[in-house]
Amino acid sequence: MTALLDADQLRTFIAIAETGSFTKAAEVVNKTQSAVSMQMKRLEERLDRPVFVRDGRASKLTEDGQRLLDYARRIIKLKALPFRPELAARSLNLTRKAAMR
């Protein structure tokens, strides 16, 4: 089963990975620390695996978390790009032609 990932959760996840702290990340994403914790709990539930190892106040990525970080950065970067309908249409046409072969 494929898990759909929420962009807001991914932004929060990236902030935690970059700051090493749920509290510092909360400041970066303008949320409360408890909201950040809840978002990460939901993300881990959705993925059915932990993405952080908590070491006192510091948070480090698990191996799965490190893999997710690479994807999360790409997803957020793509979401920041403007939508260009002409490129989407061209891509869709190419996909249809390839399927017809």
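This passage describes a helix packing contact, a surface pocket and the salt bridges of a predicted model.

Helix α1, formed by residues 7-19, and helix α3, formed by residues 33-47, have axes that approach within 10 Å and cross at roughly 110 degrees. The two helices are therefore roughly perpendicular to one another. On the α1 side, the contact is made by D8, Q9, T12, F13 and I16, whereas α3 contributes V36, Q39, M40, R42, L43 and R46. By residue class, the contact between α1 and α3 comprises five nonpolar, three polar and three charged residues.

The largest pocket of the model has a volume of about 210 Å³. Its lining is made up of L5, R46, L47, D48, R49, V51, D64, R67, L68 and Y71. Two elements, α3 and α4 (63-80), each supply two or more residues to this lining. The greatest contribution comes from α4, which provides four residues. In terms of chemical character, the lining of the largest pocket contains five nonpolar and five charged residues, with no polar ones. R46 appears both in the contact of α3 with α1 and in the lining of the largest pocket.

Seven salt bridges are present in the structure. One of them joins the side chains of E45 and K41, with a distance of 3.9 Å from N to O. Both E45 and K41 belong to helix α3, where they are separated by four residues, or about one turn of the helix.

Technical notes: Residues are numbered from 1 along each chain as its sequence is written. This is a predicted model: local features need pLDDT of at least 70, side-chain atom pairs count only at pLDDT 80 or more; totals for chains, interfaces and linings use all residues. Side-chain values use heavy atoms; hydrogens and water are left out. Axes are lines fitted to C-alpha atoms, for helices over the stretch in contact, and angles run from 0 to 180 degrees between N-to-C directions. Angles under 35 degrees count as roughly parallel, over 145 as roughly antiparallel, 65 to 115 as roughly perpendicular and the rest as oblique. Contact means heavy atoms within 4.5 Å. Ala, Val, Leu, Ile, Met, Phe, Trp, Tyr, Cys and Pro count as nonpolar, Asp, Glu, Lys and Arg as charged, and the others, Gly among them, as polar. On a 1 Å grid over the protein atoms alone, a cavity is a set of points where a 1.4 Å probe fits but cannot get out, and a pocket is an open set with protein on both sides within 12 Å along at least five of seven lines; lining residues have an atom within 4 Å of a point. Grid points are joined across faces, edges and corners, and a volume is the space filled by probe spheres set on the points. A salt bridge is a side-chain nitrogen of Lys or Arg within 4 Å of a carboxyl oxygen of Asp or Glu.
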